Amino acid sequence: MTSPQPRIGVLQVPGVCDDRDALWALAALDAEALFLWHTETELPDLDAVVLPGGFSYGDYLRCGAIARFAPAMEAVAEFSATGGLVLGICNGFQILCEAGLLPGVLRRNESLSFVCRDIPLVVERTDTPFTTRCSEGQRLVIPVKHGEGCWYADDALYEELEARQQIVLRYAEPVNGSRNDVAGVVNERGNVMGLMPHPEHAVDPLLGSADGALILSSLVESARERALAAV
Amino acid sequence: MKATVLVRPKQGILDPEGQAVESSLRQLGFSVGQARVGRVVDLEVESADPSAARAEIERMCEQLLANPLIESYEIELAEEQG
C-alpha cells in the first residue's frame, strides 16, 4: 500500500515572510504543501495547517492582533475546533495566541533587542502530534529571529498549563525573558501548537542544523496518519 | 463623537520599554520614579449618544485595541461643546 502524502496548507497573510521556507520544508519532508490566501473563507481539504512566521500587518497594534481577524483565520479556527492539526511558528504563534487558540501572549523581548541566532531547546513532551519524532528531554538546536517572543501567562494560567502539561518546548538558556523559558505550547486538546523558534529554517544540515525537521516531520507524520484514518 | 482610548500595560506586568525610558530620563538628570509606556488611540465614532459610544468603544477594546491578559484601557469621550 502506498502511503499518501498529507496535504498541509501554509497561510499567507500580508507581511508574512517565511511562507515559502515553510512550504519548501514541508515538501522536502514529503508533504503536499499548498498556500492558503488570507481572504479565503473556506479551507480546501487539508490534513494540517501551518501559520508561518513574519510580520503580519507590520506588527501594528500588537503582533498578530490584526491577522487574527483575516477571513481565513475563522476557517482555521473551525478546522482546529474539529481536531485539525495547526502549527504556528513565530508570528503564527503570536496570531494563535491573539486568536485565543493558544494560551498566553507574546510580548516585547525583555532586552528590547531583536534576537537572531541558533538556540538550544529542550523537548518536554513527545506525545503531541508535533513532537513524536523527538525524545523526551532531547536538546534541539533551532534558530529564533524575533523582537517580540517573550511569552507571558499570569500565575494562575501558568500553573494550569503546567498541571495539564501544555508546555512542549523550553529554551535551554535565557533568550527573551519568556516566562519559565517557555518556547512552545500546545492547546488543551493537543492539536494546536505554537513555537517561537523556526523549524522550517533548520531542516537541512547545510543550514547549520536539521533539528527543525524533527518537529515538522512529526507534524507531517501525524497529518499522514489522519489522512489514512479518514480514508 | 470623538474619543480617546488609553491602553496601558497592566499593573505588575513587566514593561521593558517603560524601564528603558525611565533609565534614559535618569541619565538626562531627571528624577523619575516609574515610567510605563502605553498607547493612545484617537477615534471618531458615529454615535452621538455618549453611553452608546462608550459601549461600542468598550467592545472595540475587548476585541482588538487591548489584550486583556496584559493591558488595561481607559476611554475618554470628548463631549461636543455647545
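## A guided tour in close-up views

**View 1. Chain B as a whole.** Of the 82 residues in chain B, 13% count as buried. Like everything shown in these views, the chain comes from a predicted model. Chain B has two helices and three strands, and along the sequence these follow the pattern β-α-β-α-β. Its radius of gyration is 16 Å, well over the 12 Å that the globule rule gives for 82 residues, so chain B is more spread out than a compact globule. If you would like a feel for its extent, picture a box of roughly 45 × 35 × 15 Å along the principal axes, filled by the C-alpha atoms of chain B. Among contacts between residues at least 6 apart in the sequence of chain B, 65% join residues at least 24 apart.

**View 2. Strands E1 and E2 of chain B, side by side.** Here strand E1 (residues 2–9) of chain B meets E2(B): six bridges join the two, and they run antiparallel. To find your way, start at B:Ala3, whose bridge partner in E2(B) is B:Leu43. Is strand E2 of chain B buried or in the open? Of its six residues (39–44), the number buried is zero, so strand E2 of chain B lies largely in the open.

**View 3. The nine-stranded sheet of chain A.** Now we move to chain A, where nine strands form an open sheet with mixed pairing. Follow the strands across in the order E2-E1-E3-E4-E11-E10-E9-E6-E7. Strand E2 (32–37) and strand E7 (139–146) of chain A are the edge strands, each pairing on one side only. On average, neighbouring strands of this sheet are turned by 25° against each other, direction ignored.

**View 4. A pair of neighbours within that sheet.** Strand E9 (residues 167–171) and strand E10 (residues 182–186) of chain A run antiparallel and are joined by three bridges. A good landmark is A:Arg170, which stands opposite A:Val182 in E10(A).

**View 5. A helix lying across the strands of chain A.** Which strands does helix H2 (residues 71–81) of chain A lie across? They are strand E1 (7–12), E2, strand E3 (48–51), strand E4 (85–89) and strand E11 (192–195) of chain A. Helix H2 of chain A runs at about 130° to E4(A).

**View 6. Where chains A and B touch.** Our last stop is the contact between the two chains, which takes eight residues from chain A and eight residues from chain B. The side of chain A that touches chain B has four nonpolar, no polar and four charged residues.

Methods: Residues are numbered from 1 along each chain as its sequence is written. Chains are lettered from A and ligands numbered from 1 in the order in which they are written. This is a predicted model: local features need pLDDT of at least 70, side-chain atom pairs count only at pLDDT 80 or more; totals for chains, interfaces and linings use all residues. Two residues are in contact if their C-beta atoms, placed from the backbone, lie within 7 Å. Ala, Val, Leu, Ile, Met, Phe, Trp, Tyr, Cys and Pro count as nonpolar, Asp, Glu, Lys and Arg as charged, and the others, Gly among them, as polar. Helices (H or I, at least four residues) and strands (E, at least two) are DSSP runs, numbered from the N terminus. The radius of gyration is taken over C-alpha atoms; the globule rule is 2.2 Å times the number of residues to the power 0.38. A residue is buried if 20 or more other C-beta atoms lie within 10 Å of its own, exposed if 12 or fewer, and partly exposed in between; C-beta atoms are placed from the backbone. Two strands pair if DSSP finds at least two bridges between them. Axes are lines fitted to C-alpha atoms, for helices over the stretch in contact, and angles run from 0 to 180 degrees between N-to-C directions.
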